[in-house]
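The exercises below concern a ligand site in a protein. Please work through each task before reading its solution.

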Amino acid sequence: MKEIAIINGPNLDRLGKREPEIYGSESLADLEKLLRGHVEGRGVGLDFFQSNHEGALIDRIAAAAERGTAGIIINPAAFTHTSVALYDALAGAALPCVEVHLSNIYRREAFRRKSLTAAACSGVISGLGFFGYVAALDYLLNGAAAVR
Ligand code: DQA
């Protein structure tokens, strides 16, 4: 069975409670439910993971690469803007990868406008809320072979 890893970084465990005016009122469990529903019956397994710890995220990316996962969807959250180590993990995994942000990082504070991790990903979706993850899933399942 094809597997897609969905990896969420720090503070995303508090979705729905954390700054709902920016990140919405739905929880991470709601997101997982939406994505599992989206792939139901399509012969795809989702490895859905969240951690507040940089090293745990890196370990999960490496494990996905070792298992031959078909692709990664990652919201590195604040580590987007700081983590060379996460960039290296994604580049080293050499898997199709989509970086997703719930909010549009380009219309927020200046420190959010730079992503260190994006250069290790096939593409970035920012500002479309949960729909960004759905679009990333469809890209990895259907579009990745067709779009360069
Ligand atoms: C975020 C944007 C980041 O700047 C922020 O640190 C997050 C969430 C988003 O999904 O919009 O925690 O990645």
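Three exercises on this predicted model follow, each with a worked solution.

**Exercise 1.** Determine which residues surround the ligand, and classify them.

*Solution.* Step 1: select the residues with a heavy atom within 4 Å of the ligand. This selection gives R18, Y23, N75, A77, A78, H81, H101, L102, S103, I105 and R112. Step 2: sort this shell by class, which yields 5 nonpolar, 4 polar and 2 charged residues.

**Exercise 2.** Identify polar contacts to oxygen atoms of the ligand, and state how much of the ligand the protein covers.

*Solution.* Step 1: apply the cut-off of 3.5 Å between N or O atoms. Step 2: examine side chains. S103 places a polar side-chain atom 2.6 Å from a ligand oxygen, and for N75 the corresponding distance is 2.8 Å. Step 3: examine the backbone. A backbone N or O atom of A78 lies 3.2 Å from an oxygen atom of the ligand. Step 4: turn to the accessible area. On its own the ligand has 320 Å², of which the protein covers 99%.

**Exercise 3.** Locate the ligand relative to the pockets, and describe the pocket concerned.

*Solution.* Step 1: assign the site; the ligand sits in the largest pocket. Step 2: give the volume of this pocket, about 170 Å³. Step 3: inspect the lining. It comprises 16 residues, and those closest to the pocket centre are R18, Y23, A77, R108 and R112. Step 4: divide the lining by class, which gives 7 nonpolar, 5 polar and 4 charged residues.

Terms used:
Residues are numbered from 1 along each chain as its sequence is written. This is a predicted model: local features need pLDDT of at least 70, side-chain atom pairs count only at pLDDT 80 or more; totals for chains, interfaces and linings use all residues. Side-chain values use heavy atoms; hydrogens and water are left out. A polar contact is a pair of N or O atoms within 3.5 Å; within protein, one must be able to donate a hydrogen and the other to accept it, and residues adjacent in sequence count only if both atoms are side-chain atoms. Accessible areas come from the Shrake-Rupley method with a 1.4 Å probe; for residues, only the protein chains shown count as cover. On a 1 Å grid over the protein atoms alone, a cavity is a set of points where a 1.4 Å probe fits but cannot get out, and a pocket is an open set with protein on both sides within 12 Å along at least five of seven lines; lining residues have an atom within 4 Å of a point. A molecule sits in a cavity or pocket if more than half of its atoms lie within 2 Å of its grid points. Ala, Val, Leu, Ile, Met, Phe, Trp, Tyr, Cys and Pro count as nonpolar, Asp, Glu, Lys and Arg as charged, and the others, Gly among them, as polar. Grid points are joined across faces, edges and corners, and a volume is the space filled by probe spheres set on the points.
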